[in-house]
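User: I should like a close look at a single part of this protein, set in the context of the whole. Please give the cut-offs behind each term as you go.

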Amino acid sequence: MLQTMPEFLQAQDSSARWRQWVRTLAVPIGLAIALFFLPLIVRAVFQIPWVMFQNFTDGIFYWGYAMQFDELVRRVGLNYYSVRFGGILPDALVFSLIGPHDGMPVVRYAFAGMSCSMLFLLFWKRGAGIVAGLAAAFLWALNPAAIRLQQTGYVDVAGTYFLLLGTPLLLFPRISLPIAMAGGALLGLAVWSHTHAALALF
């Protein structure tokens, strides 16, 4: 059955809109999802260990608080280590669900993956283009400082990633109030994790 001219034009318009959607939204979002797994790919390629004990004593202290917060507070009270809640909270929540053995890499590689995706989306949304966004994600994933964050228990893990996740939310063009509030909350958690995060913000 032949289409009438209005039906033909409508079909053409729908097809053009679909192609435009794929070009402007589906491809960047698909790349952002794929980049979430980039830190794991880097780890597999370079055979990076799951855990390395940089900042040895401090990292162990924070893992201890993530696993036994109530007991440690009862024994030694609230001190410098125990009140850095932004750094302790992600580990404590995940450890309570799946235990520290699996929880430690899950927290760190989830943070790392989200940061790669967020850096890509920031450059894309601000008009720098897909190539610039991919470069930012790859440069971060291959950065030795970033790789270190995936292996240690020190609180700069959460502090750095909260900064990397919160700042882009506030730099996206035409952000909504909920996104702005989420960005502010993440930056607050960054400062609550590590005081150096406050210096980075200013």
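Which residues are exposed on the other side of α8?

Analyst: On that side of α8, the exposed residues are L177, P178 and M181. Exposed denotes over 50% relative accessible area, buried under 20%, and partly exposed the range in between, with a 1.4 Å probe and protein chains only. The model is a predicted one, in which local features need pLDDT of at least 70 and side-chain atom pairs count only at pLDDT 80 or more, while totals for chains, interfaces and linings use all residues. Residues are numbered from 1 along each chain as its sequence is written, and side-chain values use heavy atoms, with hydrogens and water left out.

The buried residues of α8 are G183, L186, L187, A190 and S193. They lie on the same side of α8, because the arc they cover around the axis is only 115 degrees; this arc is taken from the directions that run from the helix axis to the C-beta atoms. In general, an α-helix has 3.6 residues a turn, so residues three or four places apart point the same way.

The length of α8 may be considered next. Its 17 residues should span 24 Å at 1.5 Å a residue, and the end C-alpha atoms are 24 Å apart, which agrees. The expected span is 1.5 Å times one less than the number of residues in the helix.

One of the buried residues, G183, can be related to another helix. G183 and T167 are separated by 16 residues in sequence and by 6.4 Å in space, C-alpha to C-alpha. T167 is placed in helix α7 and is partly exposed, at 29% relative accessibility.

Both helices also contribute to the largest nonpolar core, which has 35 residues. At least two residues of this core come from each of α1 (5–35), α2 (38–46), α4 (85–125), α5 (130–141), α6 (144–149), α7 (156–171) and α8 (177–193). The largest share, 10 residues, is supplied by α4. Such a core is a set of buried Ala, Val, Leu, Ile, Met, Phe, Trp, Tyr and Cys residues joined through side-chain atoms within 4.5 Å. F111, W140 and Y161 have the most contacts inside this core. With neighbours within four places in sequence set aside, Y161 is in contact (heavy atoms within 4.5 Å) with R108, F111, A112, S115, W140, A146, L149 and Q150. A second, separate core has 9 residues, among them A66, F95, M104 and V155.

As for the protein that surrounds α8, there are 9 helices and 0 strands. These elements are DSSP runs numbered from the N terminus, with helices (H or I) of at least four residues and strands (E) of at least two. Of the 202 residues, 38% count as buried. Among contacts with a separation of 6 or more, 65% are between residues 24 or more positions apart. The protein exposes about 11700 Å², of which carbon and sulfur atoms supply 71%; accessible areas come from the Shrake-Rupley method with a 1.4 Å probe, and for residues only the protein chains shown count as cover.
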